[in-house]
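A fresh notebook page, and a new chain to look through. I will start with the overall picture and then go residue by residue.

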Amino acid sequence: MAADNTKTLADWQAKAASLSFETRAFINGEFVAAADGSTLTSINPASRNVLAEVASCDAQDAERATQAARATFESVSGHVATRVSASECCCASRIW
């Protein structure tokens with residue numbers, strides 16, 4: 001059965017208008033505002049239209065993310081082989 005490819009520009013524009021995007025930072029498995037609550041404006045360079053106000057993360061946010069990533073890594077590192085060959089890494093990267 002052939003796919004219906006009869007969408008019009010108006011169809012796609014309506015679909016785009018209905019989309020929403022997460023604008024907070026993703027740290028430790030959840031979306032959070034920047035620690036100081038600041039945001040920055042993301043602008044489409046072609047049209048100069050505002051795309052979104054997104055979390056403006058700083059060093060404090062980077063440290064929170066780094067600590068969360070380190071804690072997660074350390075919690076699973078006992079379950080992951082610490083020494084693998086290059087060919088095993090290559091093979092595993094294709095599986096994941």
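I first settled what a contact is: heavy atoms within 4.5 Å. With that in hand, I looked up the contacts in the chain with a separation of 6 or more, and residues 24 or more positions apart account for 37% of them.

**Entry 1: the model and its confidence.** I am working with a predicted model, so I checked pLDDT early. The mean for the chain is 84, and 76% of the residues reach 70 or more. Confidence is highest in β2, at 97, and lowest in helix α3 (residues 86-95), at a mean of 49. Over residues 90-96 pLDDT stays under 50, and there I found zero contacts beyond four places in sequence. Where pLDDT is low, the predicted coordinates should not be read in detail. I left that stretch alone.

**Entry 2: the layout.** I counted three helices and four strands. Reading from the N terminus, the order is α-β-β-β-β-α-α. Of the 96 residues in the chain, 8% are buried. The accessible surface comes to about 8200 Å², and carbon and sulfur atoms hold 57% of it.

**Entry 3: the β3-β4 hairpin.** How do β3 and β4 pair? I found strand β3 (residues 39-43) and strand β4 (residues 50-55) running in the antiparallel sense, with five bridges. L40 stands opposite V54 in β4. Six residues sit between the strands of this hairpin, and R48 takes a positive phi there, near 65°.

**Entry 4: two positive phi values.** Most residues other than glycine have a negative phi. I therefore looked at R48 again, as it has a positive phi of about 65° without being a glycine; its relative accessibility is 70%, so it counts as exposed. N28 is not a glycine either, and its phi is positive at about 55°. I located N28 in the loop between β1 (25-27) and β2 (30-32). Is N28 buried or exposed? With a relative accessible area of 58%, N28 is exposed.

**Entry 5: helix α2.** Helix α2 covers residues 59-76, which is 18 residues. I get 26 Å from its first C-alpha to its last, close to the 26 Å expected at 1.5 Å a residue. What caps the N-terminal end of α2? I found D58 doing this, with a side-chain oxygen 3.0 Å from the backbone nitrogen of Q60.

**Entry 6: D61.** This residue lies in helix α2. Its relative accessible area is 1%, and since buried means under 20%, D61 is buried. What does D61 touch, beyond residues up to four places away in sequence? My list is I27, A33, A34, A35 and S56. For A35 I can add a polar detail: its backbone nitrogen lies 2.7 Å from a polar atom of the D61 side chain.

**Entry 7: V32.** I placed V32 in strand β2. Its relative accessibility is 15%, so V32 counts as buried. Leaving aside neighbours within four places in sequence, I found V32 in contact with R24, A25, I27 and R64. I27 thus turns up in the V32 list as well as in the D61 list. How far apart are V32 and D61 in space? The C-alpha to C-alpha value is 9.7 Å, while in sequence V32 and D61 are 29 residues apart.

How values were computed
Residues numbered from 1 in each chain as written. Predicted model: local features only at pLDDT ≥ 70, side-chain atom pairs only at ≥ 80, totals over all residues. Heavy atoms only, no water. Helix = DSSP H or I, 4+ residues; strand = E, 2+ residues; numbered from the N terminus. Expected span 1.5 Å × (residues − 1). Polar contact = N/O pair within 3.5 Å; in protein donor to acceptor, adjacent residues only side chain to side chain. Pairing = 2+ DSSP bridges. Buried < 20%, exposed > 50% of the residue type's maximum accessible area, 1.4 Å probe, protein only. Areas by Shrake-Rupley, 256 points an atom, 1.4 Å probe, with all protein chains shown as cover. pLDDT = per-residue confidence, 0-100.
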